[in-house]
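Trainee: I have a model open on my screen and would like to learn how to read it. Could we go through it together?

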Amino acid sequence: MDPTLIRDILRSYFATVQRSVSNAASKCIMRQLFLVNGVKNRLHATLFEGVMRAQVAELLDEPGEVRDRRLGLHSRLTRLSAAIAELEQTGRAQPNVAVTWR
């Protein structure tokens with residue numbers, strides 16, 4: 001056989017294989033994108049249904065440690081406001097004292 005003919009046949013064969021693999025890769029990528037998009041859409045629907053099924057009170061309920069911290073900070077704010085008011089009263093009784101925080 002002629003080496004040139006064998007070389008041309010092999011080049012043609014490899015070009016065919018390369019096109020075939022390229023087409024298969026793009027088909028695989030598109031299939032994976034469709035699968036990913038399908039999962040994304042189903043996941044979104046499932047999560048939305050889960051939120052809609054939950055009781056509103058459960059969704060709005062704050063954890064105990066958050067509630068305790070909020071109440072503690074509110075109490076602290078009340079005490080600090082009372083202290084500032086007391087200092088302002090004291091400052092008015094003594095005109096040389098200035099309260100500069102707030």
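**Reading the surface, the fold and the contacts**

Mentor: Happily! Keep in mind that this is a predicted model. Let's begin on the outside: Met1, Leu5, Ile6, Ile9, Leu10, Tyr13, Phe14, Val17 and Val21 make a nonpolar surface patch of about 930 Å².

Trainee: Where does valine 21 sit in the fold?

Mentor: Valine 21 belongs to helix α1, which covers residues 3–53.

Trainee: And why does valine 21 count as exposed?

Mentor: The general idea is to compare relative accessibility with a cut-off, and exposed means over 50%. Valine 21 has 54% relative accessibility, so this residue counts as exposed.

Trainee: How many helices and strands does the chain have?

Mentor: You will find 3 helices and 0 strands. Following the sequence, the pattern reads α-α-α.

Trainee: What share of the residues counts as buried?

Mentor: For that label, the relative accessible area has to be under 20%. Here 3% of the 102 residues in the chain count as buried. The exposed area of the chain is about 9,600 Å², with 62% of it supplied by carbon and sulfur atoms.

Trainee: Now the charged side chains, please. How many salt bridges does the structure hold?

Mentor: The general idea first: side chains of opposite charge can pair when their charged atoms come close. This structure holds 2 salt bridges. In one of them, glutamate 62 meets arginine 70, at 2.6 Å from N to O. Another joins aspartate 68 and arginine 67, with 3.9 Å from N to O. The cut-off is 4 Å, so the 3.9 Å pair still qualifies.

Trainee: Are glutamate 62 and arginine 70 buried, exposed or partly exposed, and why?

Mentor: Partly exposed is the class between the two cut-offs, 20% and 50%. Glutamate 62 counts as partly exposed because its relative accessibility is 25%, and arginine 70 is partly exposed with a relative accessible area of 42%. As for the other bridge, aspartate 68 is partly exposed at 48%, and arginine 67 is partly exposed at 37%.

Trainee: How many aromatic pairs are there?

Mentor: The count comes to 1 aromatic pair. The ring centres of tyrosine 13 and phenylalanine 14 lie 5.7 Å apart and their planes meet at 65°, so the pair is edge-to-face. The angle cut-off for that label is over 60 degrees.

Trainee: Are tyrosine 13 and phenylalanine 14 buried or exposed?

Mentor: Both tyrosine 13 and phenylalanine 14 are exposed. That brings us back to our starting point, as Tyr13 and Phe14 are among the residues of the nonpolar surface patch.

Conventions
Residues numbered from 1 in each chain as written. Predicted model: local features only at pLDDT ≥ 70, side-chain atom pairs only at ≥ 80, totals over all residues. Heavy atoms only, no water. Helix = DSSP H or I, 4+ residues; strand = E, 2+ residues; numbered from the N terminus. Buried < 20%, exposed > 50% of the residue type's maximum accessible area, 1.4 Å probe, protein only. Areas by Shrake-Rupley, 256 points an atom, 1.4 Å probe, with all protein chains shown as cover. Patch = residues over 30% accessible without salt bridge, like charges linked within 9 Å, V, L, I, M, F, W, Y side chains within 5 Å. Phe/Tyr/Trp six-rings, centres within 6.5 Å; stacked < 30°, edge-to-face > 60°.
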